[in-house]
Amino acid sequence: MVFSNPSQSRESILITEWGKHSLSFSVFHEKDNRVLATRIVDLGTPLNDMAASDFERLFKEETVLAYSFEKLICLLDTSLMTLVPNSLFQMESSKDALQLVHDIPSGQFEFCNERLLSIDYQVVYALPKNLKDALNKHFMNVSYDLTAASLLNYFSKLNQLDALFAVHFNAEEILVYRFENKKLIFFNSFDFITAEDVIYHLLHVMNDQKLHPDRSLVYYSGLLPEDSSIMSELKEYIKNLKPLPRTNKVNYATDVASMPEHYFVHHYSKLL
């Protein structure tokens, strides 16, 4: 049971993150400054193929999603994104900018943007219309953001951040980024299937950024278990790996606190 009484939900924020095949969500109670729950759900049907009835069934089966919340934050984990300089950005041409680098099916997406705080760029991305329609029908006060943009903007706001090189693991891609003097100086995403893919892309970026695999500190976040084959092989090539800790500015329920700290950094950063 997440809530001790139903009124708690109306004092809470629901954070959802939608990937191609899965949904993860966290419930944050503002009065207690506490994350009450974080869970992962297999969608069964690929997100872009889900019908209205699939969303309705999901909202009924996952009892937490049946509650009313103060607001809902929707994070989208998608590779359908690109960066556009602010000097060239026009909302009406965001579709064209995205279609220059991605093959996007017609009529299935709405084109959105998010400003990156530390550089003069917008990130443009494709939001599935079926997802937006379902969430706006079922919840009040819904906002949308991109997982990658949320992570980058979180680190841009950290005053104590001087340097950071990190990799974030999504289901089928890694996000690699580097900050120096509180400025984002590198960001890219790479698809992967095997540990060899991850190692290849990460070492290539480190070489390009003149970072040494034996000496440079590399943080990692996302759903990457410590005992995974990817982590085991990665440690053979990069000697100074460190999990990225979740924020200590909020409290966590016992079962949430017991999760590896690096799993849902991007969820909890939205609370700050």
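Me: Is Asp-54 buried or exposed here?
Reply: This is a predicted model, and in it Asp-54 has a relative accessible area of 15%. The cut-off for buried is under 20%. Since 15% falls under that cut-off, Asp-54 counts as buried.

Me: OK, which residue does the side chain of Asp-54 meet in a salt bridge?
Reply: Side chains of opposite charge can pair when their charged atoms come close. For Asp-54, the N to O distance in the salt bridge is 2.7 Å. The partner sits in helix α1 (residues 52–61) along with Asp-54, 3 residues apart, which is about one turn of the helix. That partner is Arg-57.

Me: And how does Arg-57 count for accessibility?
Reply: Its relative accessibility is 41%. Buried would need under 20% and exposed over 50%, with partly exposed in between. So Arg-57 counts as partly exposed.

Me: How many residues apart are Asp-145 and Lys-270?
Reply: The side chains of Asp-145 and Lys-270 meet in a salt bridge, 2.7 Å from N to O. This pair links distant parts of the chain, with Asp-145 in strand β8 (residues 142–146) and Lys-270 in the segment after α8 (265–268). Along the chain, they are apart by 125 residues.

Me: Which residue of that salt bridge is buried?
Reply: Let's check both ends. Lys-270 is partly exposed, at a relative accessible area of 26%. The other end comes in at 5%, and buried means under 20%, so the buried residue is Asp-145.

Me: What about Arg-178: which residue does its side chain meet in a salt bridge?
Reply: Arg-178 is buried, with 13% relative accessibility. Its salt-bridge partner is partly exposed, at 27%, and the N to O distance is 2.9 Å. The partner is Glu-180.

Me: How many salt bridges does the structure hold?
Reply: We've met Asp-54 with Arg-57, Asp-145 with Lys-270 and Arg-178 with Glu-180. These are among the structure's salt bridges, and the total is 5.

Me: On to the strands! In which sense do β2 and β3 pair?
Reply: Strand β2 covers residues 22–29 and strand β3 covers residues 34–42, and they pair over 8 bridges. One of the bridge partners in β3 is Thr-38, which goes with Ser-26. In the hairpin of the two strands, with 4 residues between them, Asn-33 takes a positive phi near 50 degrees. The sense of the pairing is antiparallel.

Me: Which residue in β14 is the bridge partner of Arg-34?
Reply: β3 also pairs with strand β14 (residues 251–252), in the parallel sense and over 2 bridges. The bridge partner of Arg-34 there is Asn-251.

Definitions and conventions. Residues are numbered from 1 along each chain as its sequence is written. This is a predicted model: local features need pLDDT of at least 70, side-chain atom pairs count only at pLDDT 80 or more; totals for chains, interfaces and linings use all residues. Side-chain values use heavy atoms; hydrogens and water are left out. A salt bridge is a side-chain nitrogen of Lys or Arg within 4 Å of a carboxyl oxygen of Asp or Glu. Buried means under 20% relative accessible area, exposed over 50%, partly exposed in between (1.4 Å probe, protein chains only). Two strands pair if DSSP finds at least two bridges between them.
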